[in-house]
Amino acid sequence: MKTLSFLFIVVIAGLLAGLFHGIINVAVVEPYLDRAIGIENQRMFDEGQTQNTPQFWQQFSDYRTWQKEGSVVSGGILGIATGSLFGLVFAYSRHMLPGQNNVKKALLLATIMWAALYFIPFLKYPANPPTVGDPHTIVLRATTYALFVALSGLGAFGFSRLYKKMQNKKFVAFLGYAVFIGAMFVIMPPNPDKISTPMELVNGFRAISAITMTAYWIVNALILGWLWNKVQPHVENQEIQK
Amino acid sequence: MPNSFDIEMVNTSQITKTRRVVPIIAAVALFALFGLGYFVVGFDQGQLFSIAEGQMAYGQMNGVGYLHEFTHDMRHASGFPCH
C-alpha cells in the first residue's frame with residue numbers, strides 16, 4: 001500500500017466532510033443552540049447571577065461568534081478524527097465489502113459505522129441542546145456515553161468477524177449484535193438529567209443534529225470512495241527489467 | 001559510420017500488485033488521530049491543557065476549560081454530553 005497517498009486521502013476526506021458538517025451546522029443547528037442559550041441567559045437574569053445590560057449583550061455576542069467559529073474548526077477536527085477511523089476500517093474491510101466501486105463500498109461501510117458509532121448510541125443517549133445537561137452529572141454522562149459507543153463499536157466489529165466466518169446463516173451475526181446491544185440498552189443507566197426545556201426545542205434540535213451528522217457520514221464516504229478510485233492507494237506498480 | 005552512442009535494448013514489463021495490508025505506521029497514526037480528535041471535541045474538560053497549565057486549565061473560560069468552550073457547539077450538535 002502507498003502509505004502517504006493512503007494517509008492523505010483518508011485525512012483530506014475526513015477534513016472536508018467535517019468542515020461541511022461544521023458549516024451546515026452554523027446554518028441549521030445554531031438557531032436551536034441560540035434559543036437554548038437564550039433560555040439559560042434568562043434564568044441567569046431571573047436568579048440575579050448577571051445583569052441584563054448592553055455590556056452583557058455585547059460580550060455575549062462576541063463570545064457566541066467565537067463559539068460559532070469554533071464549531072466550524074471543531075467540525076474539521078472531528079471530521080479528521082472520525083474520518084481516520086473510517087478510512088482505517090475501510091482499508092481493512094474493502095475487499096470484503098460487496099461491489100466493485102469504492103464509492104458504493106464506502107457508503108455501505110459508512111452506513112454500518114454511522115449506525116454503530118452514532119445512531120444506536122443516539123437512541124440510548126439522545127443529543128441535547130444547552131440548558132438540559134446538569135454540570136454536576138457531566139462525568140457520569142460522558143463516561144456512560146463513551147462506554148456505550150465503545151461497546152456498540154466493538155460489538156459491531158466482533159459480530160462482523162462472526163458474519164465473515166459463517167458460511168450459511170449469516171443472519172445469526174445480525175441477530176447476535178441486536179441481542180447484545182439490546183442487553184446494553186437495558187443494563188446501561190439512563191441519562192440522569194430531567195428535561196425542563198420545552199420539548200419542541202429539544203426534539204427539533206435532536207432531529208436536525210441527527211440529519212447533519214448523517215450528512216457528514218455520507219459526504220465522508222463519497223469523498224473517500226471517489227479519492228480511492230482516483231488514487232488507488234492499494235495498487236503498487238513495479239517495473240521489472242529482464 | 002559508427003554510432004556515437006549505444007542503444008541498449010531493455011525489456012521491461014510492469015506488474016501490478018494490490019495489497020490489502022495497511023502499514024502499521026499508518027494504522028497507528030490514524031488511530032491516534034481518531035483518539036485525540038474524538039477526545040478534544042467530545043470529552044475534554046480541561047485535561048489536555050492541564051498537562052501544561054495544571055488546575056487552572058479546568059476553569060479558564062466561565063469556569064470551564066478553553067477547549068470545552070471552543071468545541072461547545074459542535075459537541076452538542078454531534079451528540080456528545082455537555083452542559
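## Polar and charged links across the interface

Across the interface of chain A and chain B, one salt bridge is found by the rule. The structure is a predicted model. The salt bridge joins A:Arg64 to B:Asp73, and the closest N and O atoms of the two residues lie 3.1 Å apart. In addition, five residue pairs across the interface of chain A and chain B are in polar contact, with both residues at pLDDT 80 or more.

## Elements of chain A that face chain B

Seen by secondary structure, the side of chain A that touches chain B draws at least two residues from each of these elements: helix H1 (3-28), helix H2 (30-46), helix H3 (54-93), helix H4 (102-124), helix H5 (138-165), helix H7 (199-231) and strand S1 (235-241). The most is given by H3(A), with 20 residues on the side of chain A that touches chain B. Sorted by class, the side of chain A that touches chain B comprises 34 nonpolar, 19 polar and eight charged residues.

## Extent of the interface

The size of an interface is often expressed as the accessible area lost when the parts come together. For chain A and chain B, the area buried between them is about 4600 Å², and 67% of that area is on carbon and sulfur atoms. In terms of residues, 61 of chain A are in contact with 43 of chain B.

## A buried asparagine in helix H1

A:Asn25 belongs to helix H1 of chain A, one of the elements that supply at least two residues to the side of chain A that touches chain B. Is A:Asn25 buried or exposed? A:Asn25 has a relative accessible area of 1% and therefore counts as buried, since the cut-off for a buried residue is under 20%.

Leaving aside residues up to four places away in sequence, A:Asn25 touches A:Glu30 and A:Thr212 in chain A, together with B:Met74 and B:Ala77 in chain B.

## Architecture of chain B

Chain B contains four helices and one strand. Read from the N terminus on, the order of its elements is β-α-α-α-α.

Chain B has 83 residues, of which 45% count as buried. Among the contacts in chain B with a separation of 6 or more, 30% are between residues 24 or more positions apart. The area that chain B exposes is about 5000 Å², with 62% of it supplied by carbon and sulfur atoms.

Key
Residues are numbered from 1 along each chain as its sequence is written. Chains are lettered from A and ligands numbered from 1 in the order in which they are written. This is a predicted model: local features need pLDDT of at least 70, side-chain atom pairs count only at pLDDT 80 or more; totals for chains, interfaces and linings use all residues. Side-chain values use heavy atoms; hydrogens and water are left out. Contact means heavy atoms within 4.5 Å. Buried area is the accessible area (1.4 Å probe) that two parts lose on being put together, summed over both. A salt bridge is a side-chain nitrogen of Lys or Arg within 4 Å of a carboxyl oxygen of Asp or Glu. A polar contact is a pair of N or O atoms within 3.5 Å; within protein, one must be able to donate a hydrogen and the other to accept it, and residues adjacent in sequence count only if both atoms are side-chain atoms. Ala, Val, Leu, Ile, Met, Phe, Trp, Tyr, Cys and Pro count as nonpolar, Asp, Glu, Lys and Arg as charged, and the others, Gly among them, as polar. Buried means under 20% relative accessible area, exposed over 50%, partly exposed in between (1.4 Å probe, protein chains only). Accessible areas come from the Shrake-Rupley method with a 1.4 Å probe; for residues, only the protein chains shown count as cover.
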